[in-house]
Amino acid sequence: MRLEVRHLELVVAIADCGSLRKAAARLHLTQPAVTTQLKRIEDHLGGVLFLRTAGGVRLTPTGRDFVQEARSMIAQLQTLERVTRRNAHSSGAPTRLAGIPAYHFGLLASALQDNVTSRTIKETGTLTALLTTGEIDLAVMRRFPGTALTLPPNAGHRLLTREPLFVGVPEHHPCADEPEVPLAALADDKWVMPEPDDSGMNAHFARECAAAGFEQRIAHFSGEAHVALTLIRESGAVCPLYPVGGTPPGVARLPVTGNPLIREVVLAWRLDAPVAREVDELCARVAVGYRKLVEESEVYARWWRDGGEAFALSL
């Protein structure tokens, strides 16, 4: 016989699992098949890789050396496969974009014109994993204070915009006609919040509300904007609103005094993707498009002109 990748993977699986039975389950094989294959490998190598014990198996010194080299070879083969796929993804192929459903996402897709495929994904962990494996080239991600954004070493990133988060209140709310609202003024209100996720948004809100002297009274969880806006209008709840966009009838969109609620929108990209060479130009085009959206959003435009531009750090 000759050693093949599947033989290396089998020995590594046994070493990781500590038993033939568990390794068989991982590899979707029967235990007798794993036992037979291991014996063939050991016979071919002329040495025992594992000692059988009552609790499973343990590596011999020969086995430890074999597993160390096997792991290295498997990693090299995975790198070879990834690089080859990357090279096959020629500069003429569409850029693969994924990210949060923010306005920046649409602006970026537009900047890439027809040479793009895209999908919206909210979960930071999913976007990071897709960047790591090379299944996407670009990601529009969010970062909230207190939650780190950890990217793979093969990714670059830069800040697109630092946004304030406004709040939506019903038009009959005592603060509805004010130019801004102190966060503490919402202490007695019921809130609509998105389901907690790995972005850290809900934790950020909880900390800022606590700093303002109260604990949020969350009555509703919904990630759908139309549901949240209906709850504001019909049930008198309040909820976070991103600053860009229009305000429907029955709802007032208010900046929060001191801008304690913040979201950073970050662009991340694979360093080996052809689109990496275009990042500066793409970010410039997104910045121009975003500024137009600011001017089209009455409350945000006023906030921006009153000194918010320096806070936003739109790049």
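Helix α1 has eight residues to remember as buried: H7, L8, L10, V11, V12, A13, I14 and C17. The model is predicted, so read each value as computed from that model. How far apart are the end C-alpha atoms of helix α1? They are 18 Å apart. The helix covers residues 5-17, which makes 13 residues. At 1.5 Å a residue, the expected span is 18 Å, so the two values agree. Just after α1 comes G18, with a positive phi of about 80°.

Follow the chain to the next turn of interest. H28 sits in the loop between α2 (20-27) and α3 (31-45). Its phi is near 60°, a positive value in a residue other than glycine. Is H28 buried or exposed? H28 is exposed, because its relative accessible area is 72% and the cut-off for exposed is over 50%. Another loop residue behaves in a similar way. N259 is not a glycine, yet N259 has a positive phi of about 50°. Look for N259 in the loop between β11 (251-254) and β12 (262-270).

Now turn to the strands. Strand β3 covers residues 95-99, and strand β4 covers residues 116-120. They pair in the parallel sense over five bridges. At one of these bridges, T95 of the pair stands opposite V116 in β4. At another, G99 has T120 in β4 as its bridge partner. How does the chain get from β3 to β4? It passes through helix α5 (residues 103-111), and this β-α-β crossover is right-handed.

Strand β3 has a second partner to find. Strand β5 (residues 138-143) runs parallel to β3, and three bridges join them. Here G99 stands opposite V140 in β5. So G99 can be traced both to T120 in β4 and to V140 in β5. Why is β3 described as largely enclosed by the rest of the structure? Four of its five residues are buried, so little of the strand is left open. In a regular strand, the side chains alternate between the two faces of the sheet.

Next, go to helix α9 (residues 279-296), where C283 has its place. C283 is buried, because its relative accessible area is 2% and the cut-off for buried is under 20%. Which residue can be paired with C283 across the chain? Take L159, which lies 124 residues away along the chain. The C-alpha atoms of C283 and L159 are separated by 9.2 Å.

Finally, look at the empty space. Rolling a probe the size of a water molecule over the atoms shows where empty space is left. The largest pocket has a volume of about 850 Å³. It is lined by 32 residues, and the closest to its centre are K122, G223, E224, A225 and Y242. Which elements give two or more residues to this lining? They are β8 (190-193), α8 (225-235) and β10 (239-241). By class, the lining has 19 nonpolar, four polar and nine charged residues.

Methods: Residues are numbered from 1 along each chain as its sequence is written. This is a predicted model: local features need pLDDT of at least 70, side-chain atom pairs count only at pLDDT 80 or more; totals for chains, interfaces and linings use all residues. Side-chain values use heavy atoms; hydrogens and water are left out. The expected span of a helix is 1.5 Å times one less than its number of residues. Buried means under 20% relative accessible area, exposed over 50%, partly exposed in between (1.4 Å probe, protein chains only). On a 1 Å grid over the protein atoms alone, a cavity is a set of points where a 1.4 Å probe fits but cannot get out, and a pocket is an open set with protein on both sides within 12 Å along at least five of seven lines; lining residues have an atom within 4 Å of a point. Grid points are joined across faces, edges and corners, and a volume is the space filled by probe spheres set on the points. Ala, Val, Leu, Ile, Met, Phe, Trp, Tyr, Cys and Pro count as nonpolar, Asp, Glu, Lys and Arg as charged, and the others, Gly among them, as polar. Two strands pair if DSSP finds at least two bridges between them. A crossover is right-handed if, with the strands pointing away from the viewer, the path from the first strand over the helix to the second runs clockwise.
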